Amino acid sequence: MEGKYLDPKADVTFKKIFGEHEDLMMSLLNALLPLDEGKRIEQVEYLPAELVPENPGKKNSIVDVRCRETGGRHFIVEMQMNWNNEFEQRVILNASKAVVKQLGEGEDYSLLQPVYSLNLINDVGFDADPNDFYHDYAIVNVAHTDRIIDGLRFIFVELPKFKPQTIAERKMAVLWLRFLTEIGRGTVEPPTELLENPETNKALRILEKSAYTESQLYAYERYWDAVYYERGIVRSGYKKGRAEGIEQGLQQGIEQGLQQGAMTIAHNLKGLGMAIADIAKATGLSIEEIERL
């Protein structure tokens, strides 16, 4: 580790910054969530990261950071290093659990508060558009997408696609996304804009290596080992699957070509009046196939 700072996307650093400092958590949420005008988050309290189901036989899950606005909206924040479809399903499950866990037995449904799921992805693959990095999903009317049912909101941010000029009008969003994408283990001097802003400046101080114990630094390195290992497995599996798919596709193409050629020959021979049994022997087609020509 050669720089002055650690990477904020690692599990130990991300949770230390946003899971222990309410002001930084609120700043990130206010910057990146699609909140209505005048609906800024003013105060939050942390909730247990483990979402335990009511039924002991169901699946437990742990999120990176979970909090709620005092007396109001709930927020789940996840940092995902490698994209996969399983993560998308886990996001839906965890947000749904956050809705269910709000009510006790006999409590009125009117007490339910909206749940926002903010998912920061240090990978591409969630969306095919190479320029669209911010994805906002709500429960909408299919025919009239301006009509929304409040309750669940899913935000996915593909960090590698982010370019500062794409959202220049939202200063704090730009600063936090620059913080997450430009600061890493090789950083010696952070960008001036991050040093001048009080919130990102505080986050930078939390990231300084000197603030971490030897065991925390060891956990940090092991985390990256696991990330790179998983990414290698995924990429290897993709390449193997792609090669097998190409081989299978070529074989299918050859078989389809031969089949089509035999059908054409059979059609012509049938037109010349040759007996169907003889055509079947010549082409390898079944009598039923030839009769349908």
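So, the second largest pocket: its volume comes out at about 310 Å³. Keep in mind that we're looking at a predicted model here. Which residues sit closest to the centre of this pocket? Of the 15 that line it, those are Asp36, Arg73, Pro114, Tyr116 and Asp150. Try finding those five on the structure above.

Now, where does the lining come from? Two elements give two or more residues each, strand β6, covering 115-121, and strand β8, covering 148-158. The one that gives the most is β8, with 5 residues. As for the chemistry, the lining splits into 8 nonpolar residues, 6 charged ones and 1 polar one.

Okay, on to the largest pocket. This one has a volume of about 420 Å³, and 21 residues line it. Nearest its centre you'll find Asp64, Met79, Gln80, Met81 and Arg90. Which elements give two or more residues to this lining? There are helices on that list, namely α1 (11-18), α3 (85-100) and α7 (214-271), plus the strand β5 (74-80). If you look back at the residues by the centre, Met79 and Gln80 have numbers that fall in the β5 range, and Arg90 has one in the α3 range. The largest share, though, comes from α7, which puts in 4 residues.

And what classes of residue are we dealing with in the largest pocket? The lining has 10 nonpolar, 8 charged and 3 polar residues.

So, to put the two next to each other: β8 is the top contributor in the second largest pocket, while α7 takes that role in the largest one. That's it from me.

Terms used:
Residues are numbered from 1 along each chain as its sequence is written. This is a predicted model: local features need pLDDT of at least 70, side-chain atom pairs count only at pLDDT 80 or more; totals for chains, interfaces and linings use all residues. Side-chain values use heavy atoms; hydrogens and water are left out. On a 1 Å grid over the protein atoms alone, a cavity is a set of points where a 1.4 Å probe fits but cannot get out, and a pocket is an open set with protein on both sides within 12 Å along at least five of seven lines; lining residues have an atom within 4 Å of a point. Grid points are joined across faces, edges and corners, and a volume is the space filled by probe spheres set on the points. Ala, Val, Leu, Ile, Met, Phe, Trp, Tyr, Cys and Pro count as nonpolar, Asp, Glu, Lys and Arg as charged, and the others, Gly among them, as polar.
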